[in-house]
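Colleague: Please show me the model, and then let us go through one of its helices and what packs against it.

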Amino acid sequence: MGLISLIWGIVALLWMVLAFIPLLGWGNWFLIPFAAIGAIIAAIGLLFTQAAKRGRAKTGLILNGIVIVVGVIRLSIGGGIV
């Protein structure tokens, strides 16, 4: 689960970079739910993984959390459209 959430977070991060391009901000509307699913996968990975092997799940949770926060800020700055 940790590896899946880490890859999911990397894909979401790349998508976030693409959504920073002007007139592609609408991609954040799809990005935020995508990253939320990745964060849920990471949280499940944290619950069911041994304490010594939680690094990837924690990293995936942090990446997806950053993407969600930045996406929400970007939407609020652009008025939800741009």
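Modeller: What covers the buried residues of helix H2 includes helix H1 (2–19) and helix H3 (55–77). Helices here are DSSP runs (H or I, at least four residues), numbered from the N terminus, and buried means under 20% relative accessible area with a 1.4 Å probe, protein chains only. This is a predicted model, where local features need pLDDT of at least 70, side-chain atom pairs count only at pLDDT 80 or more, and totals for chains, interfaces and linings use all residues. Residues are numbered from 1 along each chain as its sequence is written, and side-chain values use heavy atoms, with hydrogens and water left out.

Colleague: How are H2 and H3 oriented to each other, roughly parallel or roughly antiparallel?

Modeller: Their axes, lines fitted to C-alpha atoms over the stretch in contact, come within 8 Å and cross at roughly 155°. Angles run from 0 to 180 degrees between N-to-C directions, and those over 145 count as roughly antiparallel. H2 and H3 are therefore roughly antiparallel.

Colleague: In which helix is serine 5, and is serine 5 buried or exposed?

Modeller: The place of serine 5 is in helix H1. Leaving out residues up to four places away in sequence, serine 5 touches Gly38, Ile41, Ala42, Arg56, Ala57, Gly60 and Asn64, where contact means heavy atoms within 4.5 Å. Because its relative accessibility is 0%, serine 5 in H1 counts as buried.

Key:
Helix = DSSP H or I, 4+ residues; strand = E, 2+ residues; numbered from the N terminus. Parallel < 35°, antiparallel > 145°, perpendicular 65-115°, else oblique. Buried < 20%, exposed > 50% of the residue type's maximum accessible area, 1.4 Å probe, protein only.
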